[in-house]
Amino acid sequence: MSNQALNTDAEAKASSATHVKNIVLVHGAFADGSSWSKVIPLLQKMDYHVVTVQNPMTSLADEVAFTRRIIALQDGPLILVAHSWGGAVITQAGDDPKVAGLVYITAYAPEVGESSNDAGTPYGWTSGQKQIRLTADKFATLTTEGMLNYVTEGLPMEERLLALATQGQSYGPMFDEKLSVAAWKTKPTWALISTKDQMLAPAMEAAMAKRMGAVTVSVDSCHMVIQQLPNEVASLIDRAARNALKNHPNE
């Protein structure tokens, strides 16, 4: 066998040893796991094992418990990915030893002792957040205007209407629940910022990415970047999976 062949074999083994194959996706508020429907096939074509957490949107503790159960089922290291409110969930749940890296997609990334609402307060209420309505029992939904014009506005109208029809209720007080863990302090981290986001302030997303020391990508997209630009999202997740176990993961 030639030296070149030996080197190629060694490189392949090294790549395999550092390439995370499990991806766990956490959805945001007013949505469910199907919000990742365009990203999942792209990752599967890259030969990743992908699982989406179907969170109940009832409390931070419940969200974290659901996520931890999915983490426990994985057969090795994983990349934990979140969209929007899901960022608070993976920040709290991401200290699990199986989690090799974190990816925040237009997401909250609170500090210990901080809630999602705390994190967003310095940036004011966005156009999308002003369209949140609470029922008497404190469950939140978005108005038609909010979903169509400030959350999914970058998508074809039929997809916007589908998001409106399938939005789930979210328990309002959970956005005030303060985190006791900030997993991004100890895990390699990547972040995607949507510069046209009208639900979460892009300035907040950028500030949190900087605070985390995350490898950061910015794209011109609405809040639902996981539907509008799935290729860019999948590419960042792939980058995280290929680098999270390296000595210098942020290369």
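**Sheets and helix packing in the predicted model**

Helix H10 (residues 230–243) lies across S1, strand S3 (78–84), S4, S8 and S9 and runs at about 165° to S8; helices (H or I, at least four residues) and strands (E, at least two) are DSSP runs numbered from the N terminus, and axes are lines fitted to C-alpha atoms, for helices over the stretch in contact, with angles from 0 to 180 degrees between N-to-C directions. The model is predicted, so that local features need pLDDT of at least 70 and side-chain atom pairs count only at pLDDT 80 or more, whereas totals for chains, interfaces and linings use all residues. Residues are numbered from 1 along each chain as its sequence is written, and side-chain values use heavy atoms, with hydrogens and water left out.

The sheet crossed by H10 is open and consists of six strands in the order S2-S1-S3-S4-S8-S9, with parallel pairing; two strands pair if DSSP finds at least two bridges between them. Strand S2 (49–53) and strand S9 (215–219) stand at the edges with a single partner strand each, so one side of each has no neighbour in the sheet. From one strand to the next, the twist averages 15°. Strand S1 (residues 22–26) pairs with S2 in the parallel sense over five bridges, and Leu25 has Thr52 in S2 as its bridge partner. Helix H8 (residues 202–212) lies across strand S4 (99–107), strand S8 (189–194) and S9, and runs at about 165° to S8.

A further open sheet has three strands in the order S5-S6-S7, paired in antiparallel fashion. Its edge strands, S5 (132–134) and S7 (170–171), each pair on one side only. Three bridges join S5 to the antiparallel strand S6 (residues 139–142); Ala140 in S6 is the bridge partner of Leu134.

Strand S6 also takes part, with H7, in covering the buried residues of H6. These residues are Gly146, Met147, Leu148, Tyr150 and Val151, where buried means under 20% relative accessible area, exposed over 50% and partly exposed in between (1.4 Å probe, protein chains only). Helix H6 (residues 144–151) packs against helix H7 (residues 157–166) at an angle of about 140°, with the axes 9 Å apart. The two helices H6 and H7 are therefore oblique to each other; angles under 35 degrees count as roughly parallel, over 145 as roughly antiparallel, 65 to 115 as roughly perpendicular and the rest as oblique. The crossing of H6 and H7 is right-handed, the near helix being turned clockwise from the far one by less than a right angle (anticlockwise for left-handed). Thr144, Met147, Leu148 and Asn149 of H6 meet Arg160, Leu161, Ala163 and Leu164 of H7, contact being defined as heavy atoms within 4.5 Å. By class, five nonpolar, two polar and one charged residues make up the contact of H6 with H7 (Ala, Val, Leu, Ile, Met, Phe, Trp, Tyr, Cys and Pro count as nonpolar, Asp, Glu, Lys and Arg as charged, and the others, Gly among them, as polar).

Helix H3 (residues 60–73) and helix H4 (residues 86–93) cross at roughly 65°, and their axes come within 9 Å. This crossing of H3 and H4 is also right-handed. Leu60, Glu63, Val64, Thr67, Arg68 and Ile71 of H3 make the contact with Ala88, Val89, Gln92 and Ala93 of H4.

Asn55 is placed in the loop between S2 and H3 and, at 8% relative accessibility, counts as buried. Beyond its neighbours within four places in sequence, Asn55 is in contact with Val26, His27, Asp62, Glu63, Phe66, Thr67 and Val89.
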